[in-house]
Amino acid sequence: MKNKKRKTEMEIREIVTPGQKISPRNKRMGDNVFVEEGNIYSERMGLVEVNEKRVEVIPLSSVYIPSQGDIIVGVVQDVTPTSWVVNIFSPYTAYLPVSRAFQNLRESEKLELNKKIRVGEVLVAQVEIAGYGINPILTLIGKRLGRKRKGRLIFVNPAKVPRIIGKKGSMINILMKETGCEVIIGKNGVIIVNCEDEEKEALIHEIIRKIERESHTKGLTNRVEKLLDEKLRKCKK
Amino acid sequence: MSEVVPPLQKNYIANLVKKGKRIDSRKLDEYREIKITPSFIGNAEGSALVELGGTKVLVGIKLEIGEPFKDTPDKGVLITNAELVPLASPEFEPGPPDENAIELARVVDRGIRESEALNLEKMVIKEGEHVWLTFIDIHILDHDGNLFDASTIGAVTALLTAKKPKAYMENGEVKIVDEWEPLPMEWIPASVTIGRINEKLMVDPNFEEENVLDAKICIVFDDGNKICAIQKVFGVLSIEQMKEAVKLSEKKSSEIRQMIMEAVKGEVEKHEKRKGKKQKNR
Amino acid sequence: MSYLLKEKPKKLINENGLRLDGRKRLELRPIKLKVGTLKNANGSAYIEWGRNKIIVAVYGPREIHPKHMALPTEARLRCRYSMAAFSTPERKRPGPDRRSIELSKVIKEALKPALFLERFPKTAIDVFIEVLESEGGTRVASITAASIALADAGIPMRDLVAACAAGKVDGQIVLDLNSAEDMYGEADLPIAMMPRKKEITLIQMDGKMSIDEFNESLKICIDACDKIYEVQRKALIEKFKV
């Protein structure tokens, strides 16, 4: 009961529906809005962010469309003579060319790609090439990229990823600092959580689900901090 | 898969239409030449070949005796089918009717059924047991746009020229006599297809125009100034455009109806002549 | 079931101007709309419109199969309207019949103008409509629910699509035909529109109507669509109440 009461007190930011007018056309247009006859409309279910200069809509739900530079978490799906086919949980299947995974591969090794990276392996990769209607090209060359062999995967709606990361990484940093776990968040909504201790893993899962559910409410970071605090204290006891 | 239409082609057509012109130098409210050849197929009880510009449609009527539907024991059965034959267009593929063929057949069917053109109550031999099944089979032979109107013209003409033998019940069995009579046709519905490019409406879009239309709608009138079927095929229309389309189709439908009547009249005369000759030869 | 009659009733509208289900001439049946009822789908909606019960799932944009269906410059919208065997008074044979193939097509054409399909080239957006119970007007109820399932899936849209039917029953123009009125009435005119700009995305008619009757029907449908639009918007926002 107490819990329920607290819930209703949460402040919700303004939600708009597709086709809803947001502002006259006197501002710069951010994402998820369109112009018609001098007005700016939302093209999605989402939260309006508007100031004097700019208007945009933060979607409440979306699918992942790859964009250059994104860090994503994918699962190897198949091997071809020159690349690995990677499921990045998007309408566009990605490819990881041999040259973007290993820089000095012997000829004999090139014939056994299936042994270098196996089907089913989890990759943290960066989108190197992406474009309109194109299957993206991934790379493993870069800091903190590569295969992951430990941890659990959590799938969230890609629209919620920015909230889970938080402003300038605030949310994710709190999570990692307080729990001491490794949390890798793919832009595509796939998250790897790697902890020493299963209780903490479960706690992170719970918190991610909470953020997902309440992403459109105000004061979320504070509430998450409080919850973390309470739960961690219990863990220690 | 449909071909990619270059935007330049659309712009060209749209600019012409804006000036009230069209690629084949018709007016916006002008049909292409309509040629109706009734009784084209000897083996069919009724038939018509319709040429609407480059579009060629052959419609055949076949009659059979069968059971009525359970919910309408006092009515004959009307079944309409359309085949988008692969020889008519590179876009048509062999196989069972796709959504376009089914839509076409159902819209033609709706125009005839809802206008009550064919009086199905008079197509009954014994209520609940034996009725006439009327099959309308539409064969698209060449696709140059506006299949809806060409098919409706074909179906209505074929029905108007169709003949059925007299049938009656005797000792619980159906007896058929070699005395042929026309089908109980009561209305002559006419369908008018209208396309929209930007703000302009046009009738009878040809294939090139159909590819660049923003919207297409088909409206069928019976001949008592009543709408009896509407189908928006694709795109959007404003309310004003919708009302304009209704007015336009009312006017054009009466012109098409005249043409059908002309075509059928000739056919009836020819039929009478043939009959006369036969009698003379005797 | 009381007004689901096997034979045509003498009157579909009584001397007090009330219809078989007790409604007035221009009264909508009650509409209940719920967003996000399915877990697996990208977007979903459940609608109860009178006794119509319809569930809609949207999957996509997702990879298209078979691959040759891919369109180079936009997502391919695919719709499947399907009636459960037990959804009609007499059992409906499962699987697509000609009616449901046509309905799938016209529903697709009704939704398509609202979507920015060009954002997702070479992909598929699949709309699955399951009619669980029908009582006349399933296509307009399906469109009304499908449009909010699409919004729920986060697919960019110009506007929602609201839909309603009008028709002619016992010589009078009425709103939102039930199955008896659909079956025994003189005409049925389902309409779908994007209410913001009053653009018609679906219009079909069968039966007989004069032009004046048509215009009146059109008008009452537009007014009803505005009301349904509000129900849709409320349902969408309701999902995010915490």
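Me: Two strands count as paired if DSSP finds at least two bridges between them. With that in hand, how many bridges join strand β4 (residues 77–84) of chain B to β6(B)?

Reply: Good place to start, and keep in mind that this is a predicted model. One residue pair shows how the two strands line up: L78(B) stands opposite T134(B) in β6(B). β4(B) and β6(B) run parallel, and the number of bridges joining them is eight.

Me: β6(B) also pairs with strand β3 (residues 55–66) of chain B; do the two run parallel or antiparallel?

Reply: β6(B) covers residues 130–142, and eleven bridges link it to β3(B). Among the partners is H139(B) of β6(B), which bridges to L58(B). The sense of this pairing is antiparallel.

Me: Strand β5 (residues 124–126) of chain B pairs with β6(B) too, so which residue in their hairpin takes a positive phi?

Reply: β5(B) and β6(B) are antiparallel and share two bridges, with V124(B) standing opposite V131(B). Three residues lie between the strands of this hairpin. The one with a positive phi, near 80 degrees, is G128(B).

Me: How many residues lie between β2(B) and β3(B) in their hairpin?

Reply: Strand β2 (residues 46–52) of chain B pairs antiparallel with β3(B) over seven bridges. E51(B), for instance, has K56(B) as its bridge partner. In the turn, G53(B) has a positive phi of about 55 degrees. The number of residues between the two strands is two.

Me: Let's move to where chains meet: how much area do chain C and chain B bury between them?

Reply: First look at who takes part: 36 residues come from chain C and 38 from chain B. Carbon and sulfur atoms account for 60% of the buried area. The total for chain C and chain B is about 3000 Å².

Me: Which residues of chain C lose the most area to chain B?

Reply: The contact between these chains draws 36 residues from chain C. Three of them lead the list of area lost, together making up 23% of what the chain C side buries. They are R98(C), K105(C) and K208(C).

Me: Which residue of chain C forms a salt bridge with R106(B)?

Reply: Chain C and chain B share five salt bridges in total. In the one made by R106(B), the closest N and O atoms are 2.4 Å apart, inside the 4 Å limit for a salt bridge. The partner is E102(C).

Me: Which element of chain C gives the most residues to the side that touches chain B?

Reply: Across this interface, 19 residue pairs are in polar contact. On the chain C side, α1 (98–111), β8 (187–194), β9 (199–209) and α4 (211–238) each supply at least two residues. One of these gives eleven residues, and that element is β9(C).

Me: What is the bridge partner of I230(B) in β9(C)?

Reply: Here strand pairing reaches from one chain to another: four bridges join strand β12 (residues 227–234) of chain B to β9(C). β12(B) and β9(C) run antiparallel. Within this pairing, the partner of I230(B) is M205(C).

Me: Chain A touches chain C as well, so which residue of chain A forms a salt bridge with R196(C)?

Reply: Here 30 residues of chain A are in contact with 33 residues of chain C, and the buried area is about 2500 Å². Three salt bridges are counted between chain A and chain C. In the one made by R196(C), the closest N and O atoms are 3.1 Å apart, and the partner is E36(A).

Me: Why is one side of β1 (15–16) and of β3 (28–29) of chain A left without a neighbour in the sheet?

Reply: Four strands of chain A form an open sheet in the order β1-β6-β7-β3, with mixed pairing. β3(A), for example, is joined to strand β7 (residues 54–59) of chain A by two bridges and runs parallel to it. One side of β1(A) and of β3(A) lacks a neighbour because they stand at the edges, each with a single partner strand.

Me: How far apart do the C-alpha centres of domain 1 and domain 2 of chain A lie?

Reply: The domain assignment of chain A gives domain 1 (15–59), domain 2 (71–148) and domain 3 (152–236). Between the C-alpha centres of domain 1 and domain 2 of chain A, the distance is 37 Å.

Notes. Residues numbered from 1 in each chain as written. Chains lettered and ligands numbered in written order. Predicted model: local features only at pLDDT ≥ 70, side-chain atom pairs only at ≥ 80, totals over all residues. Heavy atoms only, no water. Contact = heavy atoms within 4.5 Å. Buried area = accessible area lost by both parts, 1.4 Å probe. Salt bridge = Lys/Arg side-chain N within 4 Å of Asp/Glu carboxyl O. Polar contact = N/O pair within 3.5 Å; in protein donor to acceptor, adjacent residues only side chain to side chain. Domains from an automatic or database assignment.
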